[in-house]
Amino acid sequence: MRRLTWPLLLLAGCSNGPQRVVEERAFTGSAPRGDALLRATMIEAHNRARAPVGAPPLAWDATLAADALRYAQELARTRRFAHSTGVRGAVPEGENLWTGTRGAYSYAEMAGHWVDEKRFYRRGVTPDFSTTGKWQDVSHYTQIIWGRTTRFGCALAVNASDDYLVCRYTPPGNVVGEAP
């Protein structure tokens, strides 16, 4: 077992590249992993964030999870961290990305980084819904709470040093001129 300190966390910030955050943490071993745990944790975290804003619960979608897995594996293989381009899946899909030191973060912490963007959220239409003036500072959170989104799926891929989490959503959120 290795001791991890100072794991690196990256959140995709769409236009300006990933936000780099270093968090102090002493951690022995790796966070628990597995498809069933990922699914249960993501469903709980997403729907817990949606409830206070009156958004209906999201349903897990195996096809979206498979699309997410394909892209997560590409990110892990190439070590590139950027949103996908072009068509995502058979129907339009939104996307949230997360990466950090391999095994250093639980699934709940990963989703929690997205949900924590709520602190910069203000009611408004896309892209005018951030107290910082940068829509990218809340875009993971707004995708999670987007009222018209009904289904989602997530997957994790790893390489020697990093975890890559991808979640896909349909219908996609963050539509310019619309409110979450």
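## Strands, a helix and one disulfide

Trp60 stands opposite Phe152 in strand S7, and that pairing is a handy way into this predicted model. From there we can follow S7 to its other neighbour S8, look at the one disulfide, and then see how helix H2 sits against the strands. The chain averages a pLDDT of 87, with 84% of the residues scoring at least 70. Go carefully with residues 1-8, though: the pLDDT there is below 50, and the stretch has 36 contacts in the model beyond near neighbours in sequence.

**How the strands line up**

- Strands S5 and S7 run parallel and are joined by two bridges.
- S7 and S8 run antiparallel, with eight bridges between them.
- To get from S7 to S8, the chain takes a hairpin through three residues.
- S8 also pairs with S6: these two run antiparallel and are joined by eight bridges.
- If you want a spot to look for in that pairing, Gly94 stands opposite Tyr169 in S8.
- As for cover, six of the eight residues of S7 are buried, while in S6 eight of eight are buried.
- It helps to know that in a regular strand the side chains alternate between the two faces of the sheet.

**The disulfide**

- The structure holds one disulfide, and it joins Cys154 to Cys167 with an S to S distance of 2.0 Å.
- Cys154 sits in strand S7 and Cys167 in strand S8, so the link ties together parts that are 13 residues apart in sequence.
- The two cysteines also face each other in the strand pairing, as Cys154 stands opposite Cys167 in S8.
- The link of Cys154 and Cys167 is right-handed, with 110 degrees about the S-S bond.
- Is Cys154 buried or exposed? Its relative accessibility is 3%, so Cys154 counts as buried.
- Cys167 counts as buried too, because its relative accessibility is 0%.

**Helix H2**

- H2 covers residues 62-78, which makes 17 residues.
- How far should H2 span at 1.5 Å a residue? The expected figure is 24 Å, and the end C-alpha atoms are 24 Å apart, so the two agree.
- At the N-terminal end of H2, Asp61 acts as a cap: one of its side-chain oxygens lies 2.9 Å from the backbone nitrogen of Thr63.
- Just after H2 comes Arg79, whose phi is positive, near 60 degrees.
- Which residues of H2 are buried? They are Leu64, Ala65, Asp67, Ala68, Tyr71, Ala72, Leu75 and Ala76.
- When reading that list, remember that an α-helix has 3.6 residues a turn, so residues three or four places apart point the same way.
- Those buried residues pack against four strands: S5 (59-60), S6 (94-101), S7 (151-158) and S8 (162-170).

**A tryptophan in helix H3**

- Trp114 lies in helix H3, which runs over residues 107-115.
- With a relative accessible area of 0%, Trp114 is buried.
- Trp114 and Ile144 are 30 residues apart in sequence, yet their C-alpha atoms are 8.3 Å apart in space.

How values were computed: Residues are numbered from 1 along each chain as its sequence is written. This is a predicted model: local features need pLDDT of at least 70, side-chain atom pairs count only at pLDDT 80 or more; totals for chains, interfaces and linings use all residues. Side-chain values use heavy atoms; hydrogens and water are left out. The expected span of a helix is 1.5 Å times one less than its number of residues. Buried means under 20% relative accessible area, exposed over 50%, partly exposed in between (1.4 Å probe, protein chains only). Contact means heavy atoms within 4.5 Å. A polar contact is a pair of N or O atoms within 3.5 Å; within protein, one must be able to donate a hydrogen and the other to accept it, and residues adjacent in sequence count only if both atoms are side-chain atoms. Two strands pair if DSSP finds at least two bridges between them. pLDDT is the predictor's confidence in each residue, from 0 to 100. A disulfide is a pair of cysteine sulfur atoms within 2.5 Å.
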